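User: Please go through this model with me, one question at a time. I would like each answer to end on the value or name I ask for.

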Amino acid sequence: FVFAAMVALQSVAGAGQVRHITVAADGTGEFTSVQEAVFSIRAYMSDTTYMFVKAGVYHEKIVVPSWVTNLFMKGEGAEKTVITWDDYAGLRDMGTFRTYTIWIQGSDFTAEDITFENSAGPVGQAVAVHTDGDRAVFRRCRLIGNQDTLLTANQESRQYFEECYIE
């Protein structure tokens with residue numbers, strides 16, 4: 001009985017732990033890469049993980065897997081915090097769906113004050129944000145790409161955009 005009670009208390013104590021992560025390109029955070037920080041998040045967290053992305057330009061292609069849920073990603077301003085990549089549909093015949101800069105598969109994702117950019121230029125489809133997860137929220141974000149800048153590919157998913165610039 002005592003052992004069972006201790007295990008139950010440990011699982012309750014482990015639940016409800018909010019996590020704060022800092023990403024900084026200059027090395028002043030726990031991570032220098034957004035993708036590295038995403039990979040550090042435990043699967044199917046019921047509590048929100050707060051990721052602060054310091055000002056800088058992050059050249060990386062990011063996947064937020066389906067098991068990374070309840071992620072709140074905040075930058076220091078859309079003009080100052082930029083995540084960019086440069087794939088496009090005609091590159092190695094990759095097609096539109098794989099040209100994303102960030103692909104959000106997990107549900108309950110929020111981004112504020114960040115630019116998500118596909119910097120390939122006018123070369124055809126170049127997706128900045130591809131979102132499949134349900135309940136994605138974007139506030140004061142810039143989404144910059146070419147032709148198919150924003151791809152909402154799952155008919156079961158819902159997104160909300162507030163004060164965003166989409167080009």
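**Asp134 and its surroundings**

Analyst: To start with a side-chain pair: the side chains of Asp134 and Arg135 form a polar contact at 2.9 Å. The model is a predicted one.

User: Where is Asp134 placed, between which strands?

Analyst: Asp134 does not belong to a strand but to a loop. The strands on either side of that loop are β10 (129–131) and β11 (136–139).

User: Is Asp134 buried or exposed?

Analyst: A residue counts as buried under 20% relative accessible area. Asp134 has a relative accessible area of 15%, so Asp134 is buried.

User: Which residues does Asp134 touch, not counting residues up to four places away in sequence?

Analyst: With those neighbours set aside, Arg135 drops out of the list. What remains is Ser107, Asp108, Glu156, Ser157 and Arg158.

**The chain as a whole**

User: How many helices and strands are there in the protein chain?

Analyst: The C-alpha atoms of the chain fill a box of roughly 65 × 35 × 30 Å along the principal axes. Of the contacts between residues at least 6 apart in sequence, 63% join residues at least 24 apart. The count of elements is 2 helices and 15 strands.

User: What share of the residues is buried?

Analyst: The accessible surface comes to about 8600 Å², and carbon and sulfur atoms hold 54% of this surface. Buried residues are counted over the 167 residues of the protein chain, and their share is 43%.

User: How many Å apart are the mean positions of the positive and negative charges?

Analyst: The chain carries 13 positive and 21 negative charges. The mean position was taken for each set, and the distance between the two is 3 Å.

**The sheet that contains β3**

User: Which strands stand at the edges of the open sheet of 5 strands?

Analyst: The order in this sheet is β3-β6-β9-β12-β15, with parallel pairing. An edge strand has a single partner, so one of its sides is left without a neighbour in the sheet. The edge strands are β3 (56–59) and β15 (165–166).

User: Which residues of β3 point to one face and are buried?

Analyst: In a regular strand, side chains alternate between the two faces of the sheet. Along β3, Val57 and His59 point to one face and are not buried. Pointing to the other face, and buried, are Gly56 and Tyr58.

User: Which residue in β6 does Tyr58 stand opposite?

Analyst: β3 and β6 pair in the parallel sense over 4 bridges. Within this pairing, the residue opposite Tyr58 is Ile83.

User: Which residue in β9 stands opposite Trp85?

Analyst: Strand β6 (residues 81–85) runs parallel to strand β9 (residues 115–118), and 4 bridges join them. Opposite Trp85 in β9 is Asn118.

**Strand β5**

User: How many residues of strand β5 are buried?

Analyst: Strand β5 covers residues 71–75. The strand is largely enclosed by the rest of the structure, because the buried residues number 4 of the 5.

User: What is the bridge partner of Val53 in β5?

Analyst: Strand β2 (residues 49–53) and β5 run parallel and are joined by 5 bridges. The partner of Val53 in β5 is Gly75.

User: Which residue in β8 does Met73 stand opposite?

Analyst: β5 is also joined to strand β8 (residues 109–112), in parallel, by 4 bridges. The residue in β8 opposite Met73 is Ala111.

**Gln35 in helix α2**

User: The backbone nitrogen of which residue lies 2.6 Å from a polar atom of the side chain of Gln35?

Analyst: Gln35 is in helix α2 (residues 34–39) and counts as buried at 10% relative accessibility. Leaving aside neighbours within four places in sequence, Gln35 is in contact with Glu60, Lys61, Ile62 and Val63. The backbone nitrogen at 2.6 Å belongs to Val63.

**Two positive phi angles**

User: What is the phi of Tyr44?

Analyst: Most residues other than glycine have a negative phi. Tyr44 lies in the loop between α2 and β2, and counts as exposed at 59% relative accessibility. Its phi is positive, near 50 degrees.

User: Is Asn70, which has a positive phi, buried or exposed?

Analyst: Asn70 is not a glycine, yet has a phi of about 60 degrees. Asn70 sits in the loop between β4 (62–64) and β5. With a relative accessible area of 15%, Asn70 is buried.

Notes: Residues numbered from 1 in each chain as written. Predicted model: local features only at pLDDT ≥ 70, side-chain atom pairs only at ≥ 80, totals over all residues. Heavy atoms only, no water. Buried < 20%, exposed > 50% of the residue type's maximum accessible area, 1.4 Å probe, protein only. Contact = heavy atoms within 4.5 Å. Areas by Shrake-Rupley, 256 points an atom, 1.4 Å probe, with all protein chains shown as cover. Lys, Arg positive; Asp, Glu negative; His and termini not counted. Charge placed at Lys NZ, Arg CZ, Asp CG, Glu CD. Pairing = 2+ DSSP bridges. Polar contact = N/O pair within 3.5 Å; in protein donor to acceptor, adjacent residues only side chain to side chain.
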